[in-house]
Structures are given as structure tokens and as C-alpha cells.
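This report describes the ligand site, the pockets and the internal cavity of the structure shown below.

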Amino acid sequence: MTDLSRFELTNRKALVTGAAGGIGKASALAMAKAGADVAIIDLKEKMGRETVEEIRALGRKSTYIHCDVSDPEQVTEMVKEVVGTLGGLHIAHNNAGIAGDPIPLMDDSAVDEWKKVLNVDLFSVFYCCREEAKHMIPQRYGKIVNTASMSGTIVNCMEMDGVPVAGMAMIAYTTAKAGVKQLTKALAAELIQHNIYVNSISPGYIITPMTQIIQDTPEFLEVENRTTPIHRQGEAEEMAGGVLYLVSDASSYTTGHDLLMDGGHTVW
Ligand SMILES: NC(=O)c1ccc[n+]([C@@H]2O[C@H](COP(=O)([O-])OP(=O)(O)OC[C@H]3O[C@@H](n4cnc5c(N)ncnc54)[C@H](O)[C@@H]3O)[C@@H](O)[C@H]2O)c1
């Protein structure tokens, strides 16, 4: 018989980056409901502190840490602070990310945009995983989940009047997210010797602050809903079940996996 207690996170210590809103907030709240203390890492202080209050209202410890995850020194300090404040680190959801700007590939600023998106969406995940593993290796336990995207599997079709509109926002983003998936697999192979599990989630079209432009543009919404078998966008909360599985002991035989939660978008 399945032992559902394997999904519980009682007294586990967790951090979630990009948890001021959207998918990260839903993940952090779900972990707290499952029994974990959760540190909220972001650059949006007001929203981050609101998430902290919601977690405390659930009876769990929480703290807000202001950290730019694309800066390796800030990441080192952030992970130390999480360990000091919560008293340990068992779980990390490296989720912070940006979509980038839709500037054309031939624009003078395309190279700067490329570096910016790769720094925030890919390099940051390496910095976070490395620092988190430093604390997890001695305790021989860790559950790391990285947020990739279905854009790491496919290149999204975003066009208006037959003209592609995403530019660098898609070129850099899709490359970064494919990198997150492969980084996850490489780290899973490297870290399982220390009993540290590393998996990724790949959301599809999800309603969050990042996708506000989609909500505000009926033409984009129409493309997304038509090209997704479920024919609607997802809610951030619909990602939380997958995260809970991957950060709990229910996933004791799963590492290096990328969990697509995309309403079937990549099926077609
Ligand atoms: N919404 C979607 O459709 C979708 C689809 C696939 C993947 N994703 C990924 O999910 C993750 C969460 O995105 P979301 O949709 O919830 O959007 P969001 O904008 O609500 O969340 C991203 C969070 O990351 C934070 N952040 C950005 N740069 C940061 C930095 N340098 N340091 C620290 N924090 C930083 C932001 O302040 C924000 O709170 C991202 O990695 C995104 O790429 C989102």
C-alpha cells in the first residue's frame, strides 16, 4: 500500500528563489502546507515579505532574503543566511527567472540581452545548486528542483500577423531553459553519490506576473489556447503538486528528470 507520509515535509528546511509571486510563491506555500519552513528569495521585497507572512500564518518559519541570484557572491551569502536562520537546508527550488525583452536579433543591444538572460535564467541555477550542495553534501541529503520551461524542449510559436515577435526574448530564454534541463541532468549524475536528488520542472503557459503581457494581448492568448490540448493556460498552483513530489521522499527513485506540466502543449 502507498505510504502517503512520504509526501510530507515535516520540519524540512527549504528555500525557493523567485518566490515573491507566481510559480515560486505557489511552490513555497505548498511546501509550507506540507510541513516545511521556507525561505523566500527574491528582488521584490514587498511581495516577498507578503509571502513570508502567508507562510507564518500556516504555522511555519519563514524569512525574506533579498538576493540577485545572478550574482554568485550574493548567492553564497544567501544560502548561508538560509541555513543560519532556518537551521538547515534540505530542499531548494531554484525558480527565479526573467523572460527577457523582445528586441530584434540584429539590434545593437542583442548581445547584452543575451548575457542578461543567460545570467539570470541559467548561470544563477548553477550558482545556487553549487552553494546548496555545499550544505547538503555533509548531511547526505538534499532535494533540488530547478525551474526550466517547455521552452527548453520546443521553441514557442509567438507571432502576430504572421511575423515572429519574440526576438531575443525567445532566443536567449529558450537556450537558457534547455541549459537548465541539461545542467539538472549533469548535476543529478554528479550529486547522487551524496544522496542529493536534482530534478527540473518545465511549466507550459502559466498565468503569472511574468506572462501579464500575454493576458493583456488577446491575439497571444488565442495562439496559446489553440495550440495547447487543454485549451487554457495553467495556474501557478497547478505546478505545486509536481514540485511537492520532486522535493519529497515520494520521489526516492527519481533524479535527473524533467517534469513537463504544459497542458499537453509539447504533444502536438
Ligand atoms: N509563467 C510561465 O508561463 C512560465 C513558463 C515556463 C517557465 N516559467 C519559469 O518559471 C519561473 C517563475 O516564473 P513566473 O512565471 O512565476 O514569473 P514571476 O515573474 O512571477 O516570477 C519570477 C520571480 O523571479 C524573481 N527574479 C527575477 N530575477 C531575479 C534575480 N536576478 N534574483 C532573484 N529573483 C529574481 C522576480 O522578481 C519574480 O518574483 C521562471 O524561471 C520562469 O522562466 C514560467
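## Location of the ligand

In this predicted model, the ligand occupies the largest pocket. That pocket has a volume of about 1200 Å³. Its lining comprises 48 residues, of which Ile98, Ala99, Tyr173, Met210 and Thr211 are the closest to its centre. Two or more lining residues come from each of α1, β2 (37-42), α5, α6 (212-215) and α7 (218-226), and α5 provides the largest share, with four residues.

Sorted by class, the lining of the largest pocket consists of 28 nonpolar, 15 polar and five charged residues.

## The shell around the ligand

The ligand is surrounded by 29 residues, and the closest of these are Ile23, Asp42, Asn95, Tyr173 and Thr208. Tyr173 is thus named both among the residues closest to the ligand and among those closest to the centre of the largest pocket. Helices α1 (22-33) and α5 (168-191) each contribute at least two residues to the shell.

The class composition of this shell is 15 nonpolar, 10 polar and four charged residues.

## Polar contacts and burial of the ligand

Which atoms of Tyr173, Asn95 and Cys67 approach the ligand? In Tyr173, an N or O atom of the side chain is 2.6 Å from an oxygen atom of the ligand. Asn95 takes part through its backbone, with an N or O atom lying 2.8 Å from a ligand oxygen atom. For Cys67, a polar backbone atom is found 3.3 Å from a nitrogen atom of the ligand.

On its own, the ligand has 810 Å² of accessible area, and the protein covers 94% of this area.

## The internal cavity

A general point introduces this part of the analysis. Empty space left between atoms is revealed by rolling over them a probe the size of a water molecule.

When the whole structure is searched, one cavity of 30 Å³ or more is found. The largest cavity holds about 30 Å³ of space. Its lining is formed by Thr17, Val69, Asn94, Asn95, Ala96, Ser124, Val125 and Cys128. Helix α4 (residues 110-139) supplies the largest share of this lining, namely three residues. By class, four of the lining residues are nonpolar, four are polar and none is charged.

Asn95 links two parts of this description: this residue lines the largest cavity, and its backbone has an N or O atom 2.8 Å from an oxygen atom of the ligand.

## The second largest pocket

The second largest pocket has a volume of about 150 Å³. It is lined by 13 residues, and those closest to its centre are Ile230, Gly234, Met261, Asp262 and Gly263. By class, its lining is made up of five nonpolar, five polar and three charged residues.

Notes
Residues numbered from 1 in each chain as written. Predicted model: local features only at pLDDT ≥ 70, side-chain atom pairs only at ≥ 80, totals over all residues. Heavy atoms only, no water. Near = heavy atom within 4 Å. Polar contact = N/O pair within 3.5 Å; in protein donor to acceptor, adjacent residues only side chain to side chain. Areas by Shrake-Rupley, 256 points an atom, 1.4 Å probe, with all protein chains shown as cover. 1 Å grid on protein atoms, 1.4 Å probe; cavity = no way out; pocket = protein on both sides within 12 Å on 5 of 7 lines; lining within 4 Å. Sits in = over half its atoms within 2 Å of the grid points. Nonpolar A, V, L, I, M, F, W, Y, C, P; charged D, E, K, R; others polar. Points joined across faces, edges and corners; volume = space filled by probe spheres on them.
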